[in-house]
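Got the model open in your viewer? Let's take a walk through it, one selection at a time.

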Amino acid sequence: MKFVLAPDSFKESMTAREVADAMEKGIKKVCPNAQCVKVPMADGGEGTVQSLVDATNGEIFTIDVIGPLGNKVKAKYGILGDKKTAVIEMAEASGLHYVELERRNPMITTTYGTGELIKAALDKGVDKIFIGIGGSATNDGGAGMVQALGGKLLDKDGNELSYGGGTLDKLEKIDLDNFDKRINNIKIEVACDVTNPLTGDNGASNIFGPQKGADKEMVKVLDENLKHYAKIIRTQLGKEVETLEGAGAAGGLGAALLGFCNAELNRGVDIVIKYTKLEDKVKDADFVFTGEGSIDRQTKFGKTPFGVASIAKKYNVPTIAFAGKVGEGIEELYSCGINSIIGILPGIVSLEDALKDGKENIERTTENIVRILNL
């Protein structure tokens with residue numbers, strides 16, 4: 001019997017690899033000779049670097065970069081097993097978790113460190129880069145990333161703009177003479193599950209600015225600044241980024257990746273499915289096991305269990321999803337390829353215990369499900 005084990009991480013409890021290992025232990029207690037193919041998954045958000053590195057026998061590197069507030073932080077990136085593909089989470093360098101609540105201010109936060117991660121990946125000689133852009137602390141339109149890659153964003157006096165979306169109104173000239181030319185020779189894929197444009201009522205500043213610390217006046221200023229930024233890009237580079245779907249992702253980093261790096265934006269889980277070669281592994285399986293910390297009606301909007309089940313459904317392979325928390329609206333998932341959704345908790349437990357005992361709970365629950373399947 002062949003099981004494909006393709007879970008996401010259970011946030012703050014287990015990595016995707018640890019979930020798959022625990023699933024395998026549970027299966028082997030019932031079917032010692034079962035074939036277990038472990039495919040750690042992610043959807044482009046937190047844990048994507050670790051999952052893809054684990055799934056491809058790649059390697060993780062850690063470097064010092066400029067964080068969102070201009071201070072140094074340590075950030076990880078991965079090189080996949082093919083040695084030619086890098087995977088980056090922009091939140092590793094420019095994430096909201098680096099900024100205490102009282103210091104959140106998207107007028108000054110920068111994506112410079114994300115550009116440094118891209119440069120580090122280029123230095124490894126890769127020809128593809130996959131970037132997950134969720135969880136940002138920024139609203140600078142990716143200006144910091146452009147600067148880190150050698151671009152100059154100059155004011156009317158020829159001075160370089162300082163960090164943050166609050167200075168973009170002073171932009172007069174974009175100088176790309178020293179912009180890293182290696183960008184032109186690689187493919188950049190961006191995991192982007194939002195369709196927001198760069199500006200306007202549904203743009204980066206209005207929709208995502210408040211969670212990054214922007215008050216109403218800041219939102220207005222940031223939106224106007226991004227409009228000016230987009231106008232300069234349009235006029236000087238001949239590229240329209242303001243209205244593109246996904247341009248507003250990560251405070252406008254999507255716009256910079258599209259406009260300066262010729263990137264392609266796709267749904268995160270679809271990219272992960274491609275890089276892990278999940279479809280080849282699923283097509284002759286007897287069962288697929290997936291899961292993540294919480295499953296509810298939002299899961300169908302591009303979360304890992306939905307993506308995995310969609311692939312399994314193509315080959316009529318039953319999919320069972322495991323979750324620490326089973327929320328409302330799960331009945332909507334049964335038509336998407338998920339055959340059953342199983343909560344792993346043994347009873348009423350504290351959050352602390354639920355997180356601490358994740359491996360044991362996954363192993364026990366998987367064992368019990370396989371005992372049913374093996375009757």
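For this tour, a salt bridge is a side-chain nitrogen of Lys or Arg within 4 Å of a carboxyl oxygen of Asp or Glu. Keep in mind that you're looking at a predicted model. Searching the whole structure by that rule turns up 26 salt bridges.

**Stop one: Lys29 and Glu363.** Select these two and show their side chains. They form a salt bridge, with 2.8 Å between the closest N and O atoms. Now color helix H1 (residues 16-30), home of Lys29, and helix H13 (residues 358-373), home of Glu363: the pair links distant parts of the chain, 334 residues apart. Are the two partners buried or exposed? Glu363 counts as buried, at 17% relative accessibility, while Lys29 comes out partly exposed at 49%. Add Glu367 and Arg371 to your selection, and you have a salt-bridge network of Lys29, Glu363, Glu367 and Arg371.

**Stop two: Asp64 and Lys74.** Jump over to this pair, whose side chains meet in a salt bridge at 2.9 Å, N to O. Asp64 sits in strand S3 (residues 59-66) and Lys74 in strand S4 (residues 72-79), so the bridge ties together parts 10 residues apart in sequence. Turn on a surface: Asp64 is partly exposed at 43% relative accessibility, and Lys74 is exposed at 58%.

**Stop three: Asp223 and Lys227.** Next, pick out helix H7 (residues 216-237), where these two lie four residues apart and so are separated by about one helical turn. Their side chains make a salt bridge at 3.6 Å, N to O. Asp223 is buried, with 7% relative accessible area; Lys227, at 31%, counts as partly exposed.

**Stop four: the cavity.** How many cavities of 30 Å³ or more does a search of the whole structure find? Just one, and it holds about 40 Å³ of space. To see its walls, select Asp140, Ala143, Gly144, Gln147, Leu153, Leu161, Ser162, Tyr163, Gly164, Thr167 and Leu168. Helix H5 (residues 143-148) gives the largest share of that lining, three residues. By class, the lining has five nonpolar, five polar and one charged residues.

**Last stop: a pocket.** Finish at the second largest pocket, with a volume of about 160 Å³. Its lining includes Ala55, Thr56, Asp82, Lys128, Lys274, Tyr275, Thr276 and Lys281. Helix H2 (48-56) and helix H9 (268-276) each supply at least two lining residues, with H9 giving the largest share, three. Color this lining by class, and you'll get three nonpolar, four polar and five charged residues.

Note on methods:
Residues numbered from 1 in each chain as written. Predicted model: local features only at pLDDT ≥ 70, side-chain atom pairs only at ≥ 80, totals over all residues. Heavy atoms only, no water. 1 Å grid on protein atoms, 1.4 Å probe; cavity = no way out; pocket = protein on both sides within 12 Å on 5 of 7 lines; lining within 4 Å. Points joined across faces, edges and corners; volume = space filled by probe spheres on them. Nonpolar A, V, L, I, M, F, W, Y, C, P; charged D, E, K, R; others polar. Buried < 20%, exposed > 50% of the residue type's maximum accessible area, 1.4 Å probe, protein only.
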